[in-house]
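Please work through the exercises below with the sequence and the model open beside the text.

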There are 4 protein chains.
Amino acid sequence: MSRTAGSSGVKTLETIKKAALRLIYEHGYDAMTLRGLANKVGIQQGSLYNYFKTKQELLFMLVSSHMEALTEQQEKALAGIDDPVEALRTFIRFHIDYHISRKHEVFVNYSELRSFTPENYKIIADMRSQYENRLIDIIIKAQKAELVPQYDAKVAAYGILAMLTGICQWFNPKGRLSKEEVITTYMSMALSALQVRASH
Amino acid sequence: MSRTAGSSGVKTLETIKKAALRLIYEHGYDAMTLRGLANKVGIQQGSLYNYFKTKQELLFMLVSSHMEALTEQQEKALAGIDDPVEALRTFIRFHIDYHISRKHEVFVNYSELRSFTPENYKIIADMRSQYENRLIDIIIKAQKAELVPQYDAKVAAYGILAMLTGICQWFNPKGRLSKEEVITTYMSMALSALQVRASH
Amino acid sequence: MSRTAGSSGVKTLETIKKAALRLIYEHGYDAMTLRGLANKVGIQQGSLYNYFKTKQELLFMLVSSHMEALTEQQEKALAGIDDPVEALRTFIRFHIDYHISRKHEVFVNYSELRSFTPENYKIIADMRSQYENRLIDIIIKAQKAELVPQYDAKVAAYGILAMLTGICQWFNPKGRLSKEEVITTYMSMALSALQVRASH
Amino acid sequence: MSRTAGSSGVKTLETIKKAALRLIYEHGYDAMTLRGLANKVGIQQGSLYNYFKTKQELLFMLVSSHMEALTEQQEKALAGIDDPVEALRTFIRFHIDYHISRKHEVFVNYSELRSFTPENYKIIADMRSQYENRLIDIIIKAQKAELVPQYDAKVAAYGILAMLTGICQWFNPKGRLSKEEVITTYMSMALSALQVRASH
DNA sequence: AATGAATGAGTCTTCATTCAT
DNA sequence: AATGAATGAAGACTCATTCAT
């Protein structure tokens, strides 16, 4: 990739982030080299350090900004929905949709936790818990309303999340199934798995 | 760890494999160093090369032998079972049980595909497909027997597999829930997700 | 050797080349270590890789740049000389002179062909052929003018070249014989060997 | 190459020597590995040490036994020849013949002097001097008999030796010229170079 | 005479990071 | 904001050599 002369810092930062996401997605954090990144961005290795202080900070930047966006969008999607089953439907649709559209971010997010500094790990893990807790809370609410049985809400939530997130690993937008078809199928599977009462 | 004097090659190989699995589990393939491995095993770095030719070959050895064992055990578990729902139950129980008991192998298996040589990748991917196809076949059989609805069998199988395999990421044998409790919960979730007819 | 602060890349490269020539001359390409080279140059081992990508490339750089200089100087020396015997005299004098003054380059050039990559080998071999062909052509011209007998020109040329180049192996500028004395002796031997007609 | 079961030590030693010569010829002493040698011989690396104590000793063994054979054959060839010109002719023919028939030995002999221990180097250098001195002596004798001019005998001898030995580098027994043709051509060149009086 | 597992030092090479310009 | 030359530590891998069996 050629260097965009006179590119502003902000633009370069965006290029770096996107390139880094792709490279980590392809090779993993450890196997991604800053030389390779600089190369892809079209600048010299040293110049990267105008944008982050260490490779670790770059990773943290990528993952935390993804987690922030994720949580924020989640808030927005669920805002004002009171009915637990409606909330469940919304969560499921949102989760699949969002994860399918950011393959790289999601992958990096899930597979590189190991690479974090303990401090950074804690921050990211907390952000993730916050996101997951939203689902757990919805399930508990549904249980209180006797719309689903009394299984362990946390364990059930983990099951649903694993199932939905797993889509990223095989879904191909140009493949046999459209995003909507996948959402329909998984919506049904997830609600069934949770044993949502038929009335809904 | 101290050196086991007079250890035979076979024994050393086993030690190496176990140590490697743990190290890859903890740090990832790239971040695992052969120095660290040799250290853990209690031999010199160079001695490792009596057991594999490259780090890549070590990885392949670990993953392929796990996949072989997995498929073999799967065969054994499902042998002679004709009823599709019975087969489903057996598969689910087997999958959870096996995966929960080999945390390290499973993790390495699922997270280091990226690190393979193209040729090795293909071999491993084929082995995995073979394993997954067993579940897909069972679902199709169940559909033919009208024991479950006519959704996309492959997509459904992927959903179930992701859900079940995800257990490895949080399950702790000394934690709040026993393995049997987890199996019970997930058995219920999985069968519900697949909408197995009530008669069973 | 201490590090030359602020040394520019070009200067460092020259230092590297000179040091490498000497080390290869002394120990051979294989036995020369990049650690040793870095040490002699006064930089870190890794810094060498700002100047070449592999040890092999370093060798190629040294040998090919020597061959280029050699051929260029040869052209210059022989330019405008028509008389074959005059050309012979010029070639002989030039060859001895040039080879005696670059002991290291010559040695590396002749003794490390084995160490080349097949591709690099071909390039270098071609350059050498080009140089040798100049002598063969002169001899053929002399034969056409009946100034020397009709022996095999190529074989004769090889004989002369071996004889002249061999000087490098024992000549010592501070020794018993001066460069001019050696040139005189070998000029006579070479012309006699070729049986150049007395009239000249 | 397969292992000859029950092979006697002597036979194995010969196999080792031959294989080593070839490997050093192809890759050089430094680049020849004992692993590669063991492989070619068809035994394990450790077994080599039943035949020599160090790699250096192996090299010395090869070169010194070649030098011994060379000198011995030289003695035999020149025995009883009084006439200096006849001796010259005999030496030249012998040298070319012997060197052409032992390409590998000669190459190793000439190109690996650098790799010797100082002590071993001295021994080998002395052996070589002894061989060369025979030629120098013949030339001096010829000068005393006024059969050749009064140039520097040593320098002349070095020139002749370089010329003759150089044949090894390009001669191909299956090539355009037969060994006898080469001998004829070089005989003429060498005698001319030395300016042997026409009367012979 | 041969094996195979081990050693320990060493090889080339790559990496994240720094800093004067 | 960018360069390019440098660092120093670490990486995978290889080597000659040893030795119990």
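Three exercises with worked solutions follow.

This is a predicted model, in which local features need pLDDT of at least 70 and side-chain atom pairs count only at pLDDT 80 or more, whereas totals for chains, interfaces and linings use all residues. Residues are numbered from 1 along each chain as its sequence is written, and chains are lettered from A and ligands numbered from 1 in the order in which they are written.

**Exercise 1.** Determine how chain D is related to chain C, and describe the contact that they make.

Solution. Begin with the superposition, done by least squares on the C-alpha atoms of residues with pLDDT of at least 70 in both copies: a turn of 179° with a shift of 0.0 Å along the axis lays chain D on chain C with an RMSD of 0.1 Å. Next, list the residues in contact, meaning that their C-beta atoms, placed from the backbone, lie within 7 Å; there are 24 from chain D and 23 from chain C. On the side of chain D that touches chain C, helix H7 (153–165) and helix H8 (179–193) of chain D each supply at least two residues, helices being DSSP runs of H or I with at least four residues, numbered from the N terminus. Finally, compare the two sides: 96% of the interface residues of chain D are also interface residues in chain C, so the copies meet through the same surface.

**Exercise 2.** Carry out the superposition for chain A and chain B, and interpret the result.

Solution. Chain A is superposed on chain B by a rotation of 179° with 0.1 Å of shift along its axis, at an RMSD of 0.2 Å. The two copies are thus related as by a two-fold rotation axis. As for the surfaces involved, 100% of the interface residues of chain A are also interface residues in chain B, so these copies meet through the same surface.

**Exercise 3.** Describe how the two domains of chain A are arranged.

Solution. Take the bounds first, which come from an automatic or database domain assignment: domain 1 of chain A spans 1–51 and domain 2 spans 62–194. The C-alpha centres of these domains lie 30 Å apart. Turning to the contact between them, eight residues of domain 1 of chain A touch seven residues of domain 2 of chain A.
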